[in-house]
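Work through the exercises below with the structure open beside you. Try each task before you read its solution.

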Amino acid sequence: MIEHILTVKVTEAVKALYQHDADLSQIQLQNTRKEFDGDITLVVFPFTKISRKSPEATATEIGEYLSLNLAEVESFNVIKGFLNIVVRKEYWLSFLSNNYLVEKFGFQDSRKKQPVVVEYSSPNTNKPLHLGHIRNNLLGFSLSRILQAAGHEVVKVNLVNDRGIHICKSMLAWQKWGNGETPESSGLKGDHLVGKYYVVFDKYFKEEVANLVAEGMNAEEASKKAPLILEAQQILQKWEAGDEDVISLWKKMNGWVYEGFAITYQTLGIEFDKTYYESKTYLLGKELVEKGVQQGVYIRRDDGSVWVDLNAEGLDEKLLLRSDGTSVYMTQDLGTAQQRYDEYNPEQLIYVVGNEQEYHFNVLKAVLKHLGCSWAESIYHLSYGMVELPAGKMKSREGTVVDADDLMQEMFDTSEAMARELGKIETFDNDEAHNLYRTIGLGALKYFILKVDPKKNMMFNPAESVDFNGNTGPFIQYTYARIKSVLRKAEDAGFEIMLSESKDTGFMPQEKELLKKLHDFPIIVSQAAGMHSPAVIANYAFELASEYNRFYHELTILKEENISSRGLRLSLSQFTSKVISNSLWLLGIEVPERM
RNA sequence: GGCCUCGUAGCUCAGUGGAUAGAGCAGCAGCCUUCUAAGCUGCGGGUCAUAGGUUCGAAUCCUAUCGGGGUCACCA
């Protein structure tokens with residue numbers, strides 16, 4: 001990579017010219033802006049203190065050194081404090097010929113020994129997945145692929161919250177009002193059926209609370225004393241005691257949910273290497289807490305509850321074990337973190353969890369550090385922002401949640417309607433057409449969500465999400481299909497997709513811009529990995545597709561009579577199609593051969 | 001109230017201390033007898049919330065203020 005070569009040579013230049021060791025952070029290389037002449041620009045302001053000369057003079061001196069001592073440098077120009085470097089076309093040509101057929105261009109082959117463990121999804125089993133989970137799943141899955149491409153071994157894990165009061169509520173409502181309804185008898189997807197009874201529970205529970213309040217009880221007490229909630233708590237206690245009937249109902253209803261989730265995950269194209277269940281992990285962590293008590297880093301109060309004092313870290317006191325000895329959320333998270341550390345010895349433990357749990361993860365790290373777990377620093381909370389709707393926040397109680405299955409179906413329907421309207425599928429058979437609706441619909445949805453910086457809250461506007469023009473997934477997919485069409489025709493015509501040996505082939509501006517964009521890809525992948533951000537990839541993919549469309553529009557490819565030009569453009573096309581499909585693969589988006 | 005976070009074009013978003021702050025959508029005007037028009041080109045649109053500070057240089061870093069969101073449970 002030319003950036004690397006330049007960095008080394010600039011260091012050398014500064015040493016030779018000014019007898020000074022340049023700090024790596026002082027060497028700022030960036031792509032030359034389009035309005036200026038050049039390929040790569042060195043910002044020379046950081047060196048003016050060392051050179052004791054004007055920015056222009058410094059830039060000129062470094063530029064002269066580079067063009068004398070570096071074969072890749074053809075020429076340079078200086079504008080204010082910016083040294084614009086023109087890289088020889090031989091470099092670009094050899095870069096192109098070395099890479100345009102490389103299947104995994106931009107992806108690292110090497111694998112670090114220690115893996116990165118990425119936890120994402122982590123659903124509750126009392127209701128179906130919704131739009132918020134979709135953002136989580138897409139981020140986690142895409143991040144896993146990005147890290148993999150950046151040379152990490154990645155383990156994708158899911159921790160299913162399959163026990164607790166929430167599922168007991170669904171179980172109770174089903175027992176009381178379900179009349180033995182099953183997914184088969186109702187035709188409902190399992191997770192939707194269980195979710196239905198969660199809603200039923202809530203409805204009758206609210207009635208009870210309202211009645212109690214009408215009898216003069218205050219609202220808070222009423223919500224604790226309502227018969228339904230007491231009954232649900234009884235079920236939870238029976239579950240913990242291993243009551244056979246409760247366990248069997250719990251297994252049955254969770255089974256329905258898993259069947260439903262499996263379908264949703266499959267439709268969404270999301271996978272895991274390993275799935276953990278809280279029913280198996282919720283007791284973990286208690287021993288860790290006991291150990292902490294013995295070490296004196298945690299405090300046991302008179303009522304038996306255990307606390308940690310995090311005031312020194314700027315946090316509060318935090319409960320680690322209830323007075324009755326049972327676990328809280330933090331307890332089991334301590335346990336599962338330790339379990340993962342023991343199991344994988346990971347380089348990094350990543351949790352893809354919404355930003356409402358930032359405090360929780362700060363506490364988790366601090367508590368582990370108190371225990372002397374130095375690996376606590378390897379925990380990274382990918383704290384993503386909320387998904388908002390034009391109408392406001394999603395609230396399950398107000399029925400404003402966007403269901404994951406419904407949303408995907410809408411995307412499929414819209415892409416079908418659009419394809420028909422545009423007359424795109426006349427030569428498609430049924431399977432290919434349906435596959436296309438799926439590919440495009442999912443591409444639109446995934447891109448729409450992933451193009452936004454994970455850390456930020458995002459607005460999900462349904463009308464915009466089904467737009468297939470402009471900065472969208474289908475735009476990028478379309479560019480890919482377009483290239484494939486050109487390549488098929490080239491093959492039919494017997495044109496070779498290859499670079500000619502002749503050295504006098506200069507680049508047209510459109511060719512050069514496209515090639516430079518392709519050249520950026522490996523750096524973009526490592527940036528995305530470092531920033532834990534699929535959005536970096538998404539924005540790049542859009543820029544690349546735009547660049548190709550301009551190239552495609554302004555230059556002829558198949559009708560180009562100069563064979564070496566035609567070969568160059570076909571090579572660039574081939575290369576672009578590969579980089580587009582690799583970029584979209586990193587986002588979990590498929591590409592259609594035709595659309 | 002304490003802590004965290006965000007505020008960039010009418011809307012949705014890029015912009016990791018560097019050049020004249022960019023895209024898409026929406027609006028207007030063009031381009032299909034020529035490789036896929038789900039495309040391309042052009043036009044208009046900005047007090048980067050506000051006020052200070054640091055710096056050769058600030059949308060970006062610091063402080064304060066205003067506004068939005070989150071969080072501060074013997075819930076998860």
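Two notes on the model come before the exercises.

The model is predicted: local features need pLDDT of at least 70, side-chain atom pairs count only at pLDDT 80 or more, and totals for chains, interfaces and linings use all residues. Residues are numbered from 1 along each chain as its sequence is written, chains are lettered from A and ligands numbered from 1 in the order in which they are written, and side-chain values use heavy atoms, with hydrogens and water left out.

**Exercise 1. Describe the protein surface near RNA strand B**.

Step 1. Fix the term: a residue is near a strand if one of its heavy atoms lies within 4 Å of it. RNA strand B is surrounded by 68 residues. Asp303, Lys393, Tyr478, Gln527 and Leu555 are the closest. Of the strand atoms that come within 4 Å of the protein, 62% belong to sugar and phosphate.

Step 2. Sort the residues by type. The surface has 30 nonpolar, 19 polar and 19 charged residues. Here Ala, Val, Leu, Ile, Met, Phe, Trp, Tyr, Cys and Pro count as nonpolar, Asp, Glu, Lys and Arg as charged, and the others, Gly among them, as polar.

Step 3. Find the main contributor. Helix α19 (residues 473–492) gives the most, with seven residues. A helix here is a DSSP run (H or I) of at least four residues, numbered from the N terminus.

**Exercise 2. Find which part of RNA strand B lies 2.4 Å from a backbone N or O atom of leucine 555**.

Step 1. Look at the phosphates. A side-chain N or O atom of lysine 489 is 2.6 Å from a phosphate oxygen of the strand. For a polar side-chain atom of arginine 550, the distance to a phosphate oxygen is 3.1 Å.

Step 2. Now turn to leucine 555. The partner of its backbone atom is a base nitrogen.

**Exercise 3. Characterise the contact between domain 1 and domain 2**.

Step 1. Locate the domains. Chain A is divided into domain 1 (2–87) and domain 2 (404–586), with bounds from an automatic or database domain assignment. Six residues of domain 1 and eight residues of domain 2 take part in the contact (heavy atoms within 4.5 Å).

Step 2. Give the area. About 520 Å² is buried between the domains. Buried area is the accessible area (1.4 Å probe) that two parts lose on being put together, summed over both. Carbon and sulfur atoms give 35% of the area.

Step 3. Count the salt bridges (a side-chain nitrogen of Lys or Arg within 4 Å of a carboxyl oxygen of Asp or Glu). There are three between the domains. Lysine 34 and glutamate 547 form a salt bridge at 3.3 Å, N to O.

Terms used. Polar contact = N/O pair within 3.5 Å; in protein donor to acceptor, adjacent residues only side chain to side chain. Helix = DSSP H or I, 4+ residues; strand = E, 2+ residues; numbered from the N terminus.
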